[in-house]
Amino acid sequence: MHCRACERTVAKVISKCKGVETFSTDMMKHRVVVKGRFNPDMILKKLKKKTGKRVEVVIANNNNEDAASKSDDGGVNLNSGDGTKTSPTSLICDDWGKCEGNQNKDNDPAVEWPALALPRGEITLDTTTVWASILYSSFNSVKYNLLSGDWRKMTSEDQDQKFVPQKKKSPSDEEKEKRRKKIVPGSLMKAEMRPGGGTVKPVDGDQVIYHCTVRTLDGVIVESTRSEHGGKGNLVRQVLGKSKMILGLLEGIPTMLKGEVAMFKMKSELHYGEDDCPVATSESFPKHDELHFEIELIDFFKVKVITEDLGVMKKVVNEGEGWETPREPYEIKAWISARTSDGKLILSHTQGEPFFFTFGKAEVPKGLEIGIGTMARGEKAILYVSNRYLTQSPFMPVIEGYEEVQFEVELVHFIQVRDMLGDGRLIKRRIHDGRGEFPMDCPLHDSLLRVHYKGMLLNEERTVFYDTRVDNDGQHLEFSSGEGLVPEGLEMCVRLMLPGEIALVTCPPDYAYDKFTRPATVPEGAHVQWEIELLGFEMPKDWTGLSFNSIMEEAEKIKNTGNRLFKEGKFELAKANNDCHLQVLREFNHVNPQDDGEGKIFLNSRNSLHLNVAACYLKMGECKKSIEACDKVLDANPVHVKALYRRGMAYMSAGDFEEARSDFKKMITIDKSLEPDATAALKKLKQKEQEVETKAKRQFKGLFDKKPGEIADVGTDTGNDEKAENENHKSGDEAADSVEDEAEDVNEAAPPPPRGLFSRIWPVGSRLFSALGLQRCSIL
């Protein structure tokens with residue numbers, strides 16, 4: 001604690017901790033003495049989170065309580081009175097709630113089996129009050145040696161691991177911690193029978209391969225993986241932290257070295273007798289007895305779990321290049337060999353030409369295909385595939401009798417094949433790699449593109465109908481994407497090409513020339529194929545640093561392009577064109593008007609783009625989005641008559657007639673010169689309302705006049721409704737009036753309608769409505 005602010009922060013944190021009765025802070029000694037019934041680990045966690053400092057818990061000791069000095073790294077070392085360093089008092093938890101200092105190891109009673117692990121949270125203060133000292137210091141606590149039973153000082157490596165920032169625990173991690181709390185001293189013991197080699201031990205995420213033999217305390221073999229003990233001779237393969245394992249092995253195997261043989265003595269609650277044990281066993285297994293587990297750790301290595309059920313796993317031998325991995329329907333070339341779990345060769349394809357297959361066509365076993373789908377170009381790996389993912393295929397027709405197959409795979413090459421529409425109609429197949437990384441170096445945004453292409457019909461002769469190298473005097477085609485200057489299918493594929501790439505594109509007619517100017521030699525409805533080479537592209541001009549007038553000139557060009565696309569009926573392209581450049585004009589980062597005149601020009605340009613987008617949305621039938629685009633203009637200028645008119649038209653198309661009428665009337669109050677336009681819009685609005693009302697009357701005619709149990713004829717006069725609507729369009733208000741007159745004549749000539757349910761229930765109300773001239777329900 002370097003200052004009073006630090007001291008106050010620490011005090012504030014501790015005062016909020018549950019179970020703390022009293023505490024005192026000492027800034028000079030960097031120490032806090034806490035008394036109460038509390039969880040020290042929780043206090044450590046909160047202090048470290050709030051202060052970012054190193055925190056340690058030690059038991060108060062008269063020899064070192066008053067001696068502390070700062071270390072070179074800003075922490076504090078504990079020193080005795082004569083200047084010699086002493087480590088904090090270590091702790092052994094003999095039972096929950098009772099903690100004793102282990103200051104003299106020689107006086108401890110001898111034990112035959114060293115305890116494998118102490119319970120999590122060795123200091124438990126639930127039943128007794130203990131004074132503890134929390135120091136800001138270098139981490140000097142002690143750690144139990146699993147093999148010798150000695151206490152040793154933590155190394156710098158241990159310190160680094162201790163203070164790694166804690167990540168949020170996943171549900172699986174919480175479940176592991178819950179299981180580990182079941183370990184109590186003496187419940188799990190370990191004896192080393194043969195030492196291993198090296199210093200590295202398995203950790204979570206490693207696949208461990210071992211033999212296991214289970215014996216009773218009398219030496220009777222219960223079960224074994226070894227053939228000499230009656231087992232099948234198959235090694236056990238599991239992934240620490242992923243596979244379902246008994247608790248004793250989950251904690252014990254990470255303490256072993258490669259090649260080591262160890263004996264674990266487990267209480268029943270640490271093997272198959274554990275409550276809710278994730279591993280099932282036979283009914284004859286003595287799961288309620290204390291047992292010996294002899295483990296020989298054959299090997300361990302890091303693997304990537306590909307499927308959640310551990311049916312497919314991968315061990316990387318050599319890393320590949322780039323980040324792109326195969327997917328459907330890529331074309332794959334690979335060297336592949338298959339072996340059983342005991343190393344017996346099943347088949348091999350490692351000579352001659354690499355094995356070729358199409359991803360997603362079931363030409364190789366399912367698990368092998370899933371594993372290859374995670375590999376990069378040039379990568380070498382071993383794929384472990386269980387029998388659940390071994391499916392019959394041309395590559396491996398026989399799959400019976402294998403529990404697990406190990407595939408050694410080297411991904412030589414893959415050809416990018418993309419289904420652009422997802423239905424198999426528009427396919428882009430890369431036949432020559434380009435320069436750069438996909439897709440970062442592709443012309444995804446609107447750009448000036450330079451391509452050579454050859455167009456062919458998909459007939460038997462593969463008739464070539466156009467070739468830029470022949471029909472264009474060898475000159476390439478140059479066009480701007482996003483402006484509808486080439487067929488849609490061709491532009492979609494070019495946007496996903498790298499400079500220098502050559503691709504073969506198969507295109508259906510609706511993305512080729514059915515909606516585009518068709519060459520004379522291309523028949524209607526023809527499927528075509530293009531061979532395209534992207535020579536290069538230029539990104540849109542960067543407006544940063546341009547003068548205001550230059551930016552406005554560019555914006556005007558954009559507006560003109562959008563207007564052209566709109567007139568050609570390419571509403572989606574026109575909207576995208578305006579939207580793209582609104583992102584630039586929306587902010588003032590690139591545009592800096594210097595006076596009111598330039599500011600007005602800027603606002604007019606931006607409003608014009610917004611209204612163009614609104615017009616596109618209206619043509620596309622998306623009235624709500626059209627209204628939102630108009631609102632952006634009206635928020636800045638509530639009396640913008642063009643925005644009011646366009647929003648009114650959108651409201652009218654959406655059926656919100658009152659809002660539309662309000663906008664049209666507001667136009668007249670703002671600008672009298674626009675009264676003819678507003679009047680025409682109101683007339684059209686009235687006509688639209690009459691059409692809707694007439695259609696509703698005819699559709700629900702007689703719906704509420706039938707007796708109970710009778711079915712009304714609703715919507716039977718559809719042809720008449722359409723005819724009436726057409727007449728309304730042609731004759732205006734007079735046609736609508738004539739339709740209403742005819743309806744009245746028919747009512748007068750027809751016999752009195754039968755009394756409905758409403759008339760029977762409330763005769764007085766029926767006569768009242770009749771007196772008012774409401775013979776039918778007019779609500780609808």
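Is Cys507 buried or exposed? Select Cys507 and look around: with a relative accessibility of 0%, this cysteine is buried. Keep in mind as you explore that the model is predicted.

**Stop 1: the cysteines**

Stay with Cys507 and add Cys493 to your selection. The sulfur of Cys493 is the nearest cysteine sulfur to that of Cys507, at 7.2 Å. A disulfide needs two cysteine sulfur atoms within 2.5 Å, so Cys507 is in no disulfide. If you search the rest of the model for disulfides, you will find zero. Now jump to Cys212, another buried cysteine, with 11% relative accessibility.

**Stop 2: a buried salt bridge**

Next come the charged side chains. How many salt bridges does the structure hold? The count is 32, and we will visit a few.

Select Glu260 and Lys190 and show their side chains. They meet in a salt bridge, with 3.2 Å from N to O. Colour the surrounding elements too: Glu260 sits in the loop between helix H5 (247-252) and strand E15 (261-266), while Lys190 belongs to strand E11 (residues 188-194), so this pair ties together parts that are 70 residues apart in sequence. Turn on the surface and both partners turn out to be buried: Glu260 has a relative accessible area of 2%, and Lys190 has a relative accessibility of 2%.

**Stop 3: from helix to helix**

Move along to Asp631 and Arg647. Their closest N and O atoms are 2.9 Å apart, and the two residues form a salt bridge. Asp631 lies in helix H12 (residues 623-636) and Arg647 in helix H13 (residues 641-654), so the pair links distant parts of the chain, 16 residues apart. Check each partner against the surface: Asp631 is partly exposed at 25% relative accessibility, whereas Arg647 is buried at 16%.

**Stop 4: within one helix**

Which helix holds both Arg661 and Glu658? Select helix H14 (residues 657-670) and you will see the two of them, three residues apart, which is about one turn of the helix. A salt bridge joins Arg661 to Glu658, with the closest N and O atoms 3.1 Å apart. Glu658 is exposed, with a relative accessible area of 55%.

**Last stop: a network**

Finally, select Arg194, Arg226, Glu228 and Glu296 together. Salt bridges that share partners join these four residues into one network. Show their side chains as sticks and trace the links from residue to residue.

Key:
Residues numbered from 1 in each chain as written. Predicted model: local features only at pLDDT ≥ 70, side-chain atom pairs only at ≥ 80, totals over all residues. Heavy atoms only, no water. Helix = DSSP H or I, 4+ residues; strand = E, 2+ residues; numbered from the N terminus. Buried < 20%, exposed > 50% of the residue type's maximum accessible area, 1.4 Å probe, protein only.
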